Amino acid sequence: MPAALCLVLALGACALPGSQKRRNAAEMGAVRQDISGRISVVTGEPPAQKNLYGGFKLELLSAGRGEFDVFTPLGQMIVQATWSPRSARLDDGRQTRDYPSFEAMTLAGLGLALPRAALQDWVRGEPAAALPFTPLASGGFEQLGWRVQPRFEDGRLRILRASRLEGGAAQLSLVIDHAQDALPPAAGSAPARPARVPASQPQ
(Lines give C-alpha, C1' and ligand atoms only; values in the text may rest on other atoms or scores of the structure.)
Protein backbone atom coordinates (compact mmCIF):
# COMPACT_ATOMS: atom_id res chain seq x y z
CA MET A 1 0.00 0.00 0.00
CA PRO A 2 1.47 3.41 -0.88
CA ALA A 3 2.49 5.58 2.07
CA ALA A 4 0.01 8.29 1.07
CA LEU A 5 -2.91 5.84 1.11
CA CYS A 6 -1.72 4.49 4.42
CA LEU A 7 -1.93 8.01 5.81
CA VAL A 8 -5.59 8.31 4.80
CA LEU A 9 -6.63 4.95 6.19
CA ALA A 10 -4.61 5.35 9.40
CA LEU A 11 -3.67 1.67 9.50
CA GLY A 12 -1.68 0.79 12.57
CA ALA A 13 0.07 -2.01 10.67
CA CYS A 14 1.94 0.60 8.64
CA ALA A 15 3.43 2.25 11.71
CA LEU A 16 7.18 2.19 12.26
CA PRO A 17 8.91 2.65 15.62
CA GLY A 18 10.54 6.05 15.46
CA SER A 19 12.94 5.36 18.32
CA GLN A 20 14.45 2.51 16.29
CA LYS A 21 14.29 4.08 12.83
CA ARG A 22 15.45 7.65 13.31
CA ARG A 23 19.06 8.55 14.00
CA ASN A 24 19.62 10.81 16.97
CA ALA A 25 20.60 14.01 15.20
CA ALA A 26 20.02 16.05 18.35
CA GLU A 27 22.76 14.18 20.22
CA MET A 28 25.10 15.02 17.34
CA GLY A 29 24.42 18.73 17.86
CA ALA A 30 22.92 19.00 14.36
CA VAL A 31 19.32 20.09 15.03
CA ARG A 32 18.60 23.71 14.06
CA GLN A 33 14.83 23.69 14.59
CA ASP A 34 12.27 21.20 15.86
CA ILE A 35 8.68 21.64 14.60
CA SER A 36 5.57 19.50 15.08
CA GLY A 37 1.85 19.78 14.43
CA ARG A 38 -0.86 18.70 12.00
CA ILE A 39 -0.69 18.30 8.24
CA SER A 40 -3.36 18.32 5.54
CA VAL A 41 -2.83 17.72 1.82
CA VAL A 42 -5.65 18.25 -0.68
CA THR A 43 -5.20 17.44 -4.37
CA GLY A 44 -7.51 17.50 -7.38
CA GLU A 45 -11.06 18.74 -7.86
CA PRO A 46 -14.36 17.18 -6.71
CA PRO A 47 -15.48 14.47 -7.15
CA ALA A 48 -11.96 13.07 -7.64
CA GLN A 49 -10.46 15.20 -4.87
CA LYS A 50 -8.09 13.44 -2.46
CA ASN A 51 -7.62 14.49 1.16
CA LEU A 52 -4.72 13.36 3.32
CA TYR A 53 -4.29 14.36 6.94
CA GLY A 54 -2.35 13.41 10.05
CA GLY A 55 0.41 14.68 12.31
CA PHE A 56 4.00 15.56 11.54
CA LYS A 57 7.35 16.16 13.19
CA LEU A 58 10.02 18.09 11.31
CA GLU A 59 13.67 18.50 12.24
CA LEU A 60 15.64 21.06 10.26
CA LEU A 61 19.30 20.10 10.48
CA SER A 62 22.57 21.74 9.60
CA ALA A 63 23.99 21.81 6.06
CA GLY A 64 20.57 21.81 4.36
CA ARG A 65 19.49 18.46 5.77
CA GLY A 66 16.17 17.51 7.31
CA GLU A 67 13.95 14.74 8.70
CA PHE A 68 10.17 14.66 8.33
CA ASP A 69 8.03 12.11 10.17
CA VAL A 70 4.36 11.69 9.22
CA PHE A 71 1.87 10.16 11.65
CA THR A 72 -1.61 8.72 11.37
CA PRO A 73 -4.40 10.67 13.10
CA LEU A 74 -3.96 8.20 15.99
CA GLY A 75 -0.34 9.25 16.44
CA GLN A 76 1.36 6.22 14.89
CA MET A 77 4.37 7.10 12.76
CA ILE A 78 3.94 5.66 9.28
CA VAL A 79 6.65 7.24 7.14
CA GLN A 80 9.94 9.06 7.57
CA ALA A 81 11.59 11.22 4.94
CA THR A 82 15.21 12.33 5.14
CA TRP A 83 17.07 14.59 2.76
CA SER A 84 20.25 16.50 2.11
CA PRO A 85 21.31 18.76 -0.76
CA ARG A 86 22.34 15.63 -2.72
CA SER A 87 19.90 12.93 -1.62
CA ALA A 88 16.27 12.16 -0.74
CA ARG A 89 15.15 8.99 1.05
CA LEU A 90 11.80 7.62 2.23
CA ASP A 91 11.20 4.85 4.76
CA ASP A 92 7.62 3.51 4.91
CA GLY A 93 8.31 0.75 7.44
CA ARG A 94 8.58 -1.96 4.78
CA GLN A 95 11.42 -0.62 2.69
CA THR A 96 13.73 2.34 2.35
CA ARG A 97 13.94 3.93 -1.09
CA ASP A 98 16.18 6.61 -2.53
CA TYR A 99 14.64 9.17 -4.89
CA PRO A 100 16.23 11.31 -7.60
CA SER A 101 14.72 14.51 -6.17
CA PHE A 102 12.97 16.00 -3.16
CA GLU A 103 9.83 16.41 -5.29
CA ALA A 104 9.78 12.71 -6.19
CA MET A 105 10.19 11.76 -2.55
CA THR A 106 7.28 13.93 -1.33
CA LEU A 107 5.10 12.71 -4.19
CA ALA A 108 5.65 9.13 -3.00
CA GLY A 109 5.15 9.96 0.68
CA LEU A 110 2.35 12.56 0.59
CA GLY A 111 0.81 12.20 -2.85
CA LEU A 112 1.98 15.74 -3.69
CA ALA A 113 5.29 16.88 -5.16
CA LEU A 114 6.61 19.71 -2.99
CA PRO A 115 9.63 21.92 -3.59
CA ARG A 116 12.44 21.60 -1.05
CA ALA A 117 11.73 25.17 0.07
CA ALA A 118 8.37 24.04 1.51
CA LEU A 119 10.00 22.14 4.37
CA GLN A 120 13.21 24.16 4.61
CA ASP A 121 11.98 27.77 4.44
CA TRP A 122 8.20 28.12 4.05
CA VAL A 123 7.63 26.16 7.25
CA ARG A 124 9.32 29.05 9.05
CA GLY A 125 6.98 31.53 7.35
CA GLU A 126 9.50 32.90 4.89
CA PRO A 127 10.47 32.36 1.23
CA ALA A 128 13.71 30.71 0.23
CA ALA A 129 16.06 33.69 0.22
CA ALA A 130 18.22 32.36 -2.61
CA LEU A 131 15.26 32.00 -5.01
CA PRO A 132 13.05 34.65 -6.68
CA PHE A 133 9.73 35.38 -4.98
CA THR A 134 6.90 37.90 -5.15
CA PRO A 135 5.66 39.43 -1.87
CA LEU A 136 1.87 39.79 -1.46
CA ALA A 137 -0.13 42.53 0.26
CA SER A 138 -1.64 39.85 2.52
CA GLY A 139 1.76 39.20 4.05
CA GLY A 140 2.29 36.03 2.04
CA PHE A 141 4.37 35.45 -1.08
CA GLU A 142 4.52 33.52 -4.33
CA GLN A 143 7.48 31.30 -5.11
CA LEU A 144 8.21 28.31 -7.34
CA GLY A 145 4.66 28.26 -8.70
CA TRP A 146 3.02 28.30 -5.26
CA ARG A 147 1.12 30.94 -3.26
CA VAL A 148 2.17 30.72 0.37
CA GLN A 149 0.19 32.34 3.19
CA PRO A 150 1.67 32.18 6.70
CA ARG A 151 -0.27 33.24 9.80
CA PHE A 152 1.59 34.28 12.90
CA GLU A 153 0.41 34.36 16.50
CA ASP A 154 2.49 36.00 19.24
CA GLY A 155 5.40 36.33 16.86
CA ARG A 156 5.47 32.64 15.90
CA LEU A 157 4.17 30.87 12.84
CA ARG A 158 0.89 29.15 13.69
CA ILE A 159 -0.64 28.18 10.31
CA LEU A 160 0.92 27.78 6.87
CA ARG A 161 -1.11 27.29 3.70
CA ALA A 162 0.53 26.75 0.32
CA SER A 163 -1.62 26.55 -2.82
CA ARG A 164 -0.23 25.40 -6.15
CA LEU A 165 -0.74 27.93 -8.94
CA GLU A 166 0.10 25.62 -11.85
CA GLY A 167 -0.33 21.96 -12.73
CA GLY A 168 -3.66 21.18 -11.07
CA ALA A 169 -5.30 22.14 -7.79
CA ALA A 170 -3.31 21.26 -4.67
CA GLN A 171 -2.98 22.68 -1.20
CA LEU A 172 -0.66 21.95 1.70
CA SER A 173 -1.75 23.10 5.17
CA LEU A 174 0.35 22.92 8.32
CA VAL A 175 -0.84 23.81 11.80
CA ILE A 176 2.20 24.39 14.00
CA ASP A 177 1.60 23.15 17.54
CA HIS A 178 5.22 23.26 18.68
CA ALA A 179 8.35 24.96 17.36
CA GLN A 180 11.66 25.14 19.14
CA ASP A 181 14.96 26.56 18.00
CA ALA A 182 17.92 24.42 18.97
CA LEU A 183 20.40 25.99 21.38
CA PRO A 184 24.14 25.43 20.89
CA PRO A 185 25.54 22.97 23.46
CA ALA A 186 27.61 24.38 26.30
CA ALA A 187 31.34 23.85 26.00
CA GLY A 188 32.40 20.46 27.30
CA SER A 189 28.85 19.15 27.70
CA ALA A 190 26.67 16.83 25.64
CA PRO A 191 23.93 18.54 23.63
CA ALA A 192 20.47 18.36 25.18
CA ARG A 193 17.92 16.27 23.33
CA PRO A 194 14.65 18.10 22.57
CA ALA A 195 11.58 16.34 23.94
CA ARG A 196 9.56 14.46 21.35
CA VAL A 197 6.06 15.84 20.98
CA PRO A 198 3.30 13.38 19.99
CA ALA A 199 1.35 14.44 16.93
CA SER A 200 -1.84 16.34 17.73
CA GLN A 201 -5.18 15.05 16.59
CA PRO A 202 -6.54 16.94 13.54
CA GLN A 203 -9.47 19.16 14.35
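**Aromatic pairs and salt bridges in a predicted model**

Q: Why does Arg124 count as partly exposed?
A: In this predicted model, Arg124 has a relative accessible area of 24%, and because buried means under 20% and exposed means over 50%, Arg124 falls in between and is therefore partly exposed.

Q: What makes the contact between Arg124 and Glu126 a salt bridge?
A: The side chains of Arg124 and Glu126 meet at 3.9 Å, N to O, and because the cut-off is within 4 Å, the contact qualifies as a salt bridge. Glu126, with a relative accessible area of 36%, is likewise partly exposed.

Q: What makes Arg89 and Asp98 a salt bridge, and why is Arg89 called partly exposed?
A: The N to O separation for Arg89 and Asp98 is 2.6 Å, and because a salt bridge requires a nitrogen within 4 Å of a carboxyl oxygen, the criterion is met. Arg89 has a relative accessible area of 40%, which lies between the limits of 20% and 50%, so this residue is partly exposed.

Q: How do you know that Glu142 and Arg147 form a salt bridge, and how accessible are the two residues?
A: Their closest N and O atoms are 2.6 Å apart, and because the limit is 4 Å, the pair is counted. Glu142 is partly exposed at 21%, as is Arg147 at 39%. Elsewhere, salt bridges with shared partners join Arg38, Arg158 and Asp177 into one network, and the search of the whole structure finds nine salt bridges.

Q: How many aromatic pairs does the search find, and why is the one between Phe56 and Phe68 called tilted?
A: Five aromatic pairs are found in the whole structure. The rings of Phe56 and Phe68 are 5.7 Å apart, centre to centre, with 40° between the planes; because pairing needs centres within 6.5 Å, and stacked means under 30 degrees and edge-to-face over 60, the pair is tilted. This pair links strand 2 (residues 50-61), which holds Phe56, with strand 3 (residues 66-71), which holds Phe68, across twelve residues.

Q: Why are Phe56 and Phe68 assigned their class of accessibility?
A: Phe56 has 1% relative accessibility and Phe68 has a relative accessible area of 4%; because the cut-off is under 20%, Phe56 counts as buried, and so does Phe68.

Q: What makes the pair of Trp83 and Phe102 edge-to-face?
A: The planes of Trp83 and Phe102 stand at 90°, with 5.2 Å centre to centre, and because over 60 degrees counts as edge-to-face, the label follows. Trp83 lies in strand 4 (residues 77-84) and Phe102 in helix 3 (residues 102-110), so the pair ties together parts 19 residues apart in sequence.

Terms used. Residues are numbered from 1 along each chain as its sequence is written. This is a predicted model: local features need pLDDT of at least 70, side-chain atom pairs count only at pLDDT 80 or more; totals for chains, interfaces and linings use all residues. Side-chain values use heavy atoms; hydrogens and water are left out. Rings of Phe, Tyr and Trp (its six-membered ring) pair if their centres lie within 6.5 Å; planes under 30 degrees apart count as stacked, over 60 as edge-to-face and the rest as tilted. Helices (H or I, at least four residues) and strands (E, at least two) are DSSP runs, numbered from the N terminus. Buried means under 20% relative accessible area, exposed over 50%, partly exposed in between (1.4 Å probe, protein chains only).
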